[in-house]
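Here is a quick tour for anyone about to sit down with this protein. Have the structure open and follow along.

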Amino acid sequence: MTTPASPSLETVRVGNADFPRRRLISGTPPLDRLGNLSGRDGRAPIYVKRDDLTGLGLGGNKVRKLEFYTGHALAQGCDTMIITGAVQSNYVRVTAAAACAAGLDCHIQLEDRVAGMDAGYRTGGNVLLDRMFGATLHHLPADASEADADAGLDAIADDLRAEGRRPYVIHLGATFEPRGALGYVLGAREILDQIAQAGITVTQVVTASGSGLTHSGLLTGLRLAGSNLPVTGVCVRRDAVQQRARVTEVCANLGKLIGRPDLVGPEDVIVTDRFLAPGYGKNSPQSWGAFLAAARQEGLLLDPVYTSKSFAGALAMADDKGAMAGGAVLYLHTGGLPALFAYEAAIDAALAAADPQSNQ
Ligand SMILES: *Cc1c(COP(=O)(O)O)cnc(C)c1O
């Protein structure tokens with residue numbers, strides 16, 4: 001049930017609580033069956049939920065989160081969004097775009113998380129888009145912790161308040177209110193409706209798991225809708241032990257936020273770090289293989305930070321007959337495609353390794 005407060009700001013009920021939302025997605029990203037990678041050599045069918053096509057500012061999973069952060073900022077009368085992320089963060093890029101759509105200013109703090117990258121990484125891809133959206137960029141030194149990053153955001157907010165501005169801070173740490181995950185609580189309902197409409201049997205869901213908001217939102221939304229579908233989170237930044245603890249914590253905070261602390265148990269939180277190596281923003285031959293298979297056998301683009309790894313996880317799941325039990329994989333494509341143009345050197349090297357004979 002929705003109650004419009006203004007043409008663009010509405011109130012939506014999630015679980016037992018109401019939240020302001022600023023709509024940023026028009027329409028429903030499709031659920032597509034992969035025509036060539038599905039069913040091959042006994043592999044289960046793979047359906048892709050195309051959240052790379054959420055639209056705003058080149059899209060991705062962050063648009064669903066920003067509907068709730070932007071709604072909250074507007075409802076409180078804030079005038080500036082503040083966010084932190086890796087240099088090639090999709091989150092900060094979509095925040096900058098959402099701020100433009102909602103008529104807010106945006107300050108971005110960029111963290112140097114990936115070693116040994118070139119000028120294209122520093123100024124191209126998402127950074128180019130951040131600048132196009134008119135965001136003010138700040139920089140945080142390499143190897144700053146998550147707490148340092150959040151402290152940096154609070155310092156920027158203090159400076160803005162001293163100038164009479166009303167900042168809205170989107171913190172990074174897992175202890176903060178996971179409001180953005182509400183986007184995927186509702187997204188889970190949308191996915192279940194699409195599965196029902198398509199008349200297919202899905203037995204496994206696979207997604208990237210970074211901050212854990214997408215993973216936690218999806219899992220919570222499925223349970224809220226009465227579905228017991230397992231969700232496997234593919235680690236992109238932390239090992240399985242750390243990530244399981246993080247997602248469990250985010251699910252607990254999300255359960256409190258929506259007044260349904262009963263939905264997700266510890267046994268529901270499934271993560272794998274089989275595809276994490278060599279680390280954040282870097283790929284193994286296996287994740288590059290998944291990245292190229294999607295491009296060359298489906299014409300489907302993945303990104304080199306998140307979905308190369310999560311799609312490798314989806315392929316491995318589809319090949320696991322025991323886990324699939326005769327059903328299909330639902331793979332959540334979380335987007336990230338602008339980073340392709342900032343990882344050109346790394347992608348070049350992956351292409352050279354894949355096609356050693358060709359002249360690159
Ligand atoms: C941020 C991001 C993720 C991870 O989502 P979380 O909600 O932070 O776990 C996955 N894929 C892409 C492309 C992203 O930009």
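What follows covers the domains, the nonpolar cores and the salt bridges, in that order.

**Two domains and what lies between them**

Keep in mind that this is a predicted model. The domain assignment splits the protein into domain 1 (7–60 + 178–359) and domain 2 (62–170). Taken over C-alpha atoms, the centres of domain 1 and domain 2 sit 23 Å apart. Domain 1 puts 44 residues into the contact, and domain 2 puts in 36 residues.

How much area is buried between domain 1 and domain 2? The figure is about 3300 Å², and carbon and sulfur atoms account for 60% of that. There is polar business here too: 14 residue pairs are in polar contact between domain 1 and domain 2, counting pairs with both residues at pLDDT 80 or more. On the side of domain 1 that touches domain 2, the elements giving two or more residues are β2 (9–14), β3 (17–22), α6 (182–198) and α7 (213–224). Of these, α6 gives the most, with 6 residues. Salt bridges join in as well, with 5 of them found across the interface of domain 1 and domain 2.

**The nonpolar cores**

Now for the greasy parts. In soluble globular proteins, nonpolar side chains tend to be buried together. The largest nonpolar core here has 82 residues, and the members that touch the most others are Leu66, Met81, Phe311 and Tyr343. Which helix gives the most to this core? That would be α2 (residues 90–102), with 8 residues. The core also draws at least three residues from each of domain 1 and domain 2.

Tyr343 is a good residue to click on. Leaving out residues up to four places away in sequence, Tyr343 touches Gln88, Val114, Met117, Tyr121, Gly281, Pro304 and Val305. There is also a second, separate core of 21 residues, and its members include Ile195, Val247, Leu330 and Leu332.

**Salt bridges**

Side chains of opposite charge can pair when their charged atoms come close. By the rule used here, the count comes to 21 salt bridges. Four of the pairs are listed below, with the N to O distance for each.

| Pair | N to O distance |
|---|---|
| Arg238 and Glu146 | 3.3 Å |
| Arg23 and Glu10 | 3.2 Å |
| Glu67 and Arg21 | 3.7 Å |
| Arg179 and Glu177 | 2.8 Å |

Take Arg23 and Glu10, whose closest N and O atoms are 3.2 Å apart. Arg23 is in the loop between β3 and β4 (31–33), while Glu10 is in strand β2, 13 residues away along the chain. Are these two buried or exposed? Arg23 counts as partly exposed because its relative accessible area is 43%, whereas Glu10 is buried, at 14%.

The Glu67 and Arg21 pair, at 3.7 Å, spans 46 residues of chain, from helix α1 (residues 62–75) for Glu67 to strand β3 for Arg21. Both partners are out of the way: Glu67 is buried at 5% relative accessible area, and Arg21 counts as buried at 8%.

In the Arg179 and Glu177 pair, at 2.8 Å, Arg179 is buried with a relative accessible area of 7%, and Glu177 is partly exposed at 42%. Finally, shared partners tie Glu10, Arg21, Arg23 and Glu67 together into one salt-bridge network.

Methods. Residues numbered from 1 in each chain as written. Predicted model: local features only at pLDDT ≥ 70, side-chain atom pairs only at ≥ 80, totals over all residues. Heavy atoms only, no water. Core = buried A, V, L, I, M, F, W, Y, C linked by side-chain atoms within 4.5 Å. Buried < 20%, exposed > 50% of the residue type's maximum accessible area, 1.4 Å probe, protein only. Helix = DSSP H or I, 4+ residues; strand = E, 2+ residues; numbered from the N terminus. Domains from an automatic or database assignment. Contact = heavy atoms within 4.5 Å. Buried area = accessible area lost by both parts, 1.4 Å probe. Salt bridge = Lys/Arg side-chain N within 4 Å of Asp/Glu carboxyl O. Polar contact = N/O pair within 3.5 Å; in protein donor to acceptor, adjacent residues only side chain to side chain.
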